[in-house]
Amino acid sequence: MLLFLRKQKYLIDYTLSSLLRRKGKSLGLLAVYTTIVFMLASVTLFTHALRKEAGLMLQASPEIIVQRMQAGRHAMIPADYLQRIGRLRGVMQKAGRLWGYYYDPIVKANYTIMTEGQSDTPLTEIVIGTGIARVQGLDVGDYLTLRSQSGEAFSFQISALLENDSELVSADLLLMSPKAFRRLFSIPEGFYTDLVLSVRNPREVNKVAEKLSQLLPDTRPILRDEVLRTYESVFSWRQGILFVLLLGSVLAFVIFAWDKASGLSAEERREIGILKAVGWETADVMRMKFWEGMVISLTAFLIGYLAAYGHVFFASASLFEPVLKGWSVLYPQFRLTPYVDGLQLATLFFFSVLPYIVATIIPIWRTSIADPDAVMR
Amino acid sequence: MLIQLKDIKKVYNQGKPNEFQAIRGVSMAFEPNRVSCIKGSSGSGKTTLLSMIGCLSRPTSGRIQLGEQVISSLPERFLTDVRRHTFGFIFQRFNLIPGLSVLENVMLPAYPLGLPYKKLVDAARRLLQQFNLASKADNPIEWLSGGESQRVAICRALINDPKILIADEPTANLDSKLSNEFMQLIAELRQSGRTVLLTSHDPEVFDSTVVDRVVEMRDGVVLADVG
Amino acid sequence: MRKSNVFLVSVSLLLVGAAATLIDAGLRRHHAYSQIESSASLVRQLGLTDLALFTEARYTRHLSLSDLHSAFQDHPVALEHFPSGSLLLPPQRMP
């Protein structure tokens, strides 16, 4: 065992010397490789954590949302639908929700306006998400003016800000009383945006949804499981797009590595010949080449991964912000909770380190089985 | 260790249009603790013969015996093992590896043996000391002159303490003064109980008093064997 | 120092770093429960269904609640959540 370790250390010595001999090339290769690992790892870590976090948070969202559809579009739902639903087995609670969007032309941002509380909430008070507060430079006690459907300006006083911690779901929220909401958007009493049903037993959800579409044929029930599934697929899709974009650079790198490794220069061939002539076995030469691949790829993997971890979980994935942000003005500031597991690391390792090692060893194998007397000729 | 060759033939590219018979049947023996020189023009087959004795290549037919062991039929693995422990090589173009220090170059043949590092370094430094290279041990190999490189090559050939030293045209890249010095070193090596096989077409070598025996080759056969 | 030692020491340090990320992840996850809980209670209270990540258009803000085929209706070049959006360019000029 000790003998084996000593041998490997000698081989590493040799490998490092020969890498250092081509210092510029080796460092360049390492830099490119590290960057690629960094990108791949950042995407994986980021989407995985976001998916996980979304899943956990939205676990608390309502089991069923009933939307009324009219001519293929979402329409206001009359309050008497609540009565029409009547008593469905398994439904614990049902309520109408009032919410909508408000486009603020001054900061060019979309707000999500939701209603909260009972009718005794003061008409002129609102609670806003930290995203809005940041964009508008507002704080508790300040006033925010919204333009109503009919063109009147309504002034609201900010009574509170939503918690920082929940910014991922609440950055663009603006909470007001239902009465103010109806007045702002000229929505008559007796209409809601949608209905929310809570179902205790998850196995009954599908049955309830089925009955709903019979009872109210002009509605569409949206189930929580579907929502979570949507999120899974949205992030998978965005991750996929990023991977496809990265694929180009990955391929370029693979070609580069293959070319570098397979196009053994005369100098390298000669070097292998010398090694064999002075008493190295074919296996020793291959072990040495294995270490050469290992030194580069292991270093690149570890540095790339560590940088990606810092980028995603300490720097809030600032490089991805433009991609995720798209055209939105309001963007939540959040620090993702790291979800890293062994499997994820193993997958990353498998896809970044192994191909390179294989690409370096195979062509060497062809040369190193040749007779070593070539050096004498 | 006695080296015996029996009816050795070597054909390159057998069966192809460019088939070439490098050795056409050579039988001879080399006694231990002597300096033998194979002379001949290029293409005479002397290097091929030497590479077969040194287990760098295998004869197409015939038999090579090293002491009691027949080495011409050994598989690659064992061949390497024999080569590693029995032979030290000095090549015409030194074949030192750039980018490595002098010390690393000398230690190179011992890497696969996995000796303790300190022990190996000590052995290498001792050899360098012996050949007046101690002060250059940590220099890159590229900094050395031709004569120094040659001495490093000798150190490298000796690091595994081989019984037989094989040198292919060792003086081809040296001027006559350095060639003379080299032959003195060879004399010392014989004194320490080693067998030395040289090839050369340099009179400085085969006419040297250090050489005990001169074998002349041409077109793959032995023309003369003196000594 | 011997080259292989330099390498082995630096790789060990990097490995320790990698192990530290796993520990850091574990610790932060532990602390994050309260944060997630506060978000979750807001979600429960308001019946929220979506993350406030893509606020550019209403069908991206509420992916799960949008009409099924409402691409392009809010902003002609908004980043799309349908794969086809990356293939079909928005009209260059309005007629």
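Into which domains is chain A divided? Select chain A in this predicted model and colour residues 2-58 together with 230-376 as domain 1, then 64-222 as domain 2. With both coloured, look at how they are placed: the C-alpha centres of domain 1 and domain 2 of chain A lie 48 Å apart.

Next, select the residues where the two domains of chain A meet. Domain 1 of chain A brings seven residues into contact with 11 residues of domain 2 of chain A. On the domain 1 side of this contact there are five nonpolar residues, one polar and one charged.

Now add chain B. Here 24 residues of chain A are in contact with 26 residues of chain B. To find the chain A side, select helix H1 (2-21), helix H9 (266-277) and helix H10 (282-313) of chain A, each of which supplies at least two residues. H1(A) gives the most to this side, with 10 residues. Colouring the side of chain A that touches chain B by class shows 12 nonpolar, four polar and eight charged residues.

Then hide chain B and show chain C. The contact between chain C and chain A takes 46 residues from chain C and 59 residues from chain A. On chain C, select helix H1 (3-46) and helix H2 (58-61), the elements that give two or more residues to the side touching chain A. The largest share of that side comes from H1(C), at 24 residues. Coloured by class, the side of chain C that touches chain A has 23 nonpolar, 13 polar and 10 charged residues.

Methods
Residues numbered from 1 in each chain as written. Chains lettered and ligands numbered in written order. Predicted model: local features only at pLDDT ≥ 70, side-chain atom pairs only at ≥ 80, totals over all residues. Helix = DSSP H or I, 4+ residues; strand = E, 2+ residues; numbered from the N terminus. Nonpolar A, V, L, I, M, F, W, Y, C, P; charged D, E, K, R; others polar. Domains from an automatic or database assignment.
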